[in-house]
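The following report goes through one chain, with attention to its rings, its core, its sheet and its backbone. The sequence and structure come first.

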Amino acid sequence: MAEQTSVKSQKKRWFNLPLWQRNVRYGEVDVAFFLIVIALLVIGIIMMFSASYAWATAEGKSGSFYAYNQIKNAVVGLVIMFALCAVDYHVFRKPAIAVFSYVFPVILLAIVAFVPALSVTEGGATRWLDIGGFNFQPSELMKIGIVIFFAYFIEKNYDNMRSFRKGLLPLLLALAIVAALLILEPHLSGTIIITLLCIILIFVGNANLKHFLFLGLAGIGAALVIGLLMMDSYEYIGKRIQSWRDPFSDSLNDTWQTCQSLVAIGSGGLFGLGLGESRQKYLYLPETKNDFVFSIVCEELGFVGAVTVVLLFMLLVIRGYQIATHAPDKFGMLLAIGLTSHIGLQAFLNIAVVSNLFPNTGISLPFFSYGGTALILQLAEMGIVLNISRTRYHVGKKRQRSTAAEGELQETGAMQQQEGIA
């Protein structure tokens, strides 16, 4: 009986780790995952500097203007990453924080959609919030918030996830609210990424396969209907689809960007023109520092450099999923899968867009594209995943120490009994 109580108390301690690891001998981070993140960050800053130099000069700024700002953002992001790596990820499992992670970005998205005085419109889309001269996209915060909320809800209702009413319906309603606000901006790429993230988490979270397949077909149908309706309301969507179908049909106007992106990719050849030697970045290809930085990677580093970047993203996803499989609880597993999937999905979709495999939807490349909010939050996500990797080692060491302590106690008890008999 005493042994059963001891086991229950150990399980309770393992799954209720302290908020801040002060008196705990904590484990090591997953070094491979950390090095992959740093490699992508360093390569990303170098390539963003090369891609943005000509445009910064043309705008009357220093050639290193965007690179300097990106480095500052990277420093802030790394500080946050290391901080979140040190703080136990179970803090996000607290009900108040999990719900706030969802509600706060939703409020910001609603402000963007319904308060024009605080929102910023660029390129026909209202996606940015301007508060005190600081611009950021609430959708970037929403990507993290919805992963935290879904991970929390699924873990708390894991046994009910096969029920449509108790498990699936609340999550679908939460997703529908976010998707509606994003469509109002309009922000098609953000809607796609967040929807795919939610689908992945629902699939991993013990959802009924029949419900999942039915919702998948319904979701595809709804996406097609919404897309057709949006084409009438937003002319640019039709132009982007036309650019995808035939990128050289109107290469001097509507399909210019896609056309120049493909020229940049094709110009790179096997080993590229050399770092800094791109020709398309000299005002031929728009948005080289943002969504189309990968085109410059292909042009300057060639097929070999492009494949290297793709492999780094693939290794990041594989390693992140490995961390998820070794997480000590369902919340950690779902959190690691969601955050890792976000980086993987966004990288895949960006590369698909610049290579014209997918219509242009304005998706940035993680760690490469210019943008303070996105880079800082992406590094914050990696900090949470690194903390989950530390917990894996921590739990194993704690089990070893507790097992050793039990063995010593049993041995001491046996010796005392022998002395009493003697």
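Phenylalanine 49 is partly exposed, with 34% relative accessible area. This residue belongs to a predicted model, and its ring takes part in an aromatic pair with tyrosine 53. Tyrosine 53 is also partly exposed, at 41%. The two residues are four apart in helix α2 (residues 31-58), so about one helical turn separates them. The geometry of their pair is edge-to-face, with 6.1 Å from centre to centre and 85° between the planes.

In total, the structure holds 10 aromatic pairs. Another of them joins tyrosine 66 and tyrosine 370; with ring centres 5.0 Å apart and planes at 80°, this pair is edge-to-face because the angle is over 60 degrees. Tyrosine 66 lies in helix α3 (residues 65-86) and tyrosine 370 in the loop between α12 (330-354) and α13 (372-421), so the pair ties together parts that are 304 residues apart in sequence. Tyrosine 66 is buried, at 6% relative accessible area, whereas tyrosine 370 is partly exposed, at 24%. Elsewhere, ring pairs link Tyr102, Phe149, Phe150 and Phe153 into a cluster.

Two lysines lie over the faces of tyrosine rings. Lysine 289 is placed over tyrosine 66, 4.7 Å from the ring centre. Lysine 330 is placed over tyrosine 158, also with 4.7 Å to the ring centre.

**Core and overall make-up**

The chain contains 13 helices and three strands. Of its 422 residues, 47% are buried. Among contacts in the chain with a separation of 6 or more, 75% are between residues 24 or more positions apart.

The largest nonpolar core has 88 residues, and Phe150, Leu335, Phe367 and Phe368 have the most contacts inside it. Helix α12 gives the most to this core, with 14 residues. Phe150 is thus named both in this core and in the ring cluster described above.

What does phenylalanine 368 contact, leaving aside its neighbours within four places in sequence? Its partners are Leu40, Ile43, Gly44, Met47, Met48, Gln70, Lys289, Val293, Val297, Val309 and Phe313. Lys289 in that list is the lysine that lies over the face of tyrosine 66.

A further link across the sequence involves threonine 57, which lies in helix α2. Threonine 57 and tyrosine 282 are 225 residues apart in sequence, but their C-alpha atoms are 9.8 Å apart in space. Threonine 57 is partly exposed, with a relative accessible area of 44%.

**The sheet**

The three strands form an open sheet in the order β1-β2-β3, with antiparallel pairing. β1 (119-122) and β3 (134-136) stand at the edges with a single partner strand each, so one side of each has no neighbour in the sheet. On average, neighbouring strands are turned by 40° against each other, direction ignored. Strand β2 (residues 125-131) is joined to β3 by three bridges. One bridge partnership is that of isoleucine 131 with phenylalanine 134 in β3. Helix α4 (residues 95-114) lies across β1, β2 and β3, and runs at about 110° to β2.

**Backbone details**

Most residues other than glycine have a negative phi, and most peptide bonds are trans. Three places in the chain depart from these patterns, and each can be described in turn.

Which form does the peptide bond from glutamate 185 to proline 186 take, cis or trans? The bond is cis, with omega near -5°. Proline 186 lies in the loop between α6 (164-184) and α7 (188-204).

The other two cases concern phi.

| Residue | Phi | Location | Relative accessible area |
|---|---|---|---|
| Glutamate 287 | about 60° | loop between α10 (256-268) and α11 (293-325) | 36%, partly exposed |
| Asparagine 356 | near 65° | loop between α12 and α13 | 14%, buried |

Glutamate 287 has its positive phi although it is not a glycine. Asparagine 356 likewise has a positive phi in a residue other than glycine. Asparagine 356 counts as buried because its 14% is under 20%, while glutamate 287, at 36%, counts as partly exposed. The loop that holds asparagine 356, between α12 and α13, also holds tyrosine 370 of the pair with tyrosine 66.

Methods. Residues numbered from 1 in each chain as written. Predicted model: local features only at pLDDT ≥ 70, side-chain atom pairs only at ≥ 80, totals over all residues. Heavy atoms only, no water. Phe/Tyr/Trp six-rings, centres within 6.5 Å; stacked < 30°, edge-to-face > 60°. Buried < 20%, exposed > 50% of the residue type's maximum accessible area, 1.4 Å probe, protein only. Lys NZ or Arg CZ within 6 Å of the ring centre and 35° of its normal. Core = buried A, V, L, I, M, F, W, Y, C linked by side-chain atoms within 4.5 Å. Contact = heavy atoms within 4.5 Å. Pairing = 2+ DSSP bridges. Axes fitted to C-alpha atoms, helices over the stretch in contact; angles between N-to-C directions.
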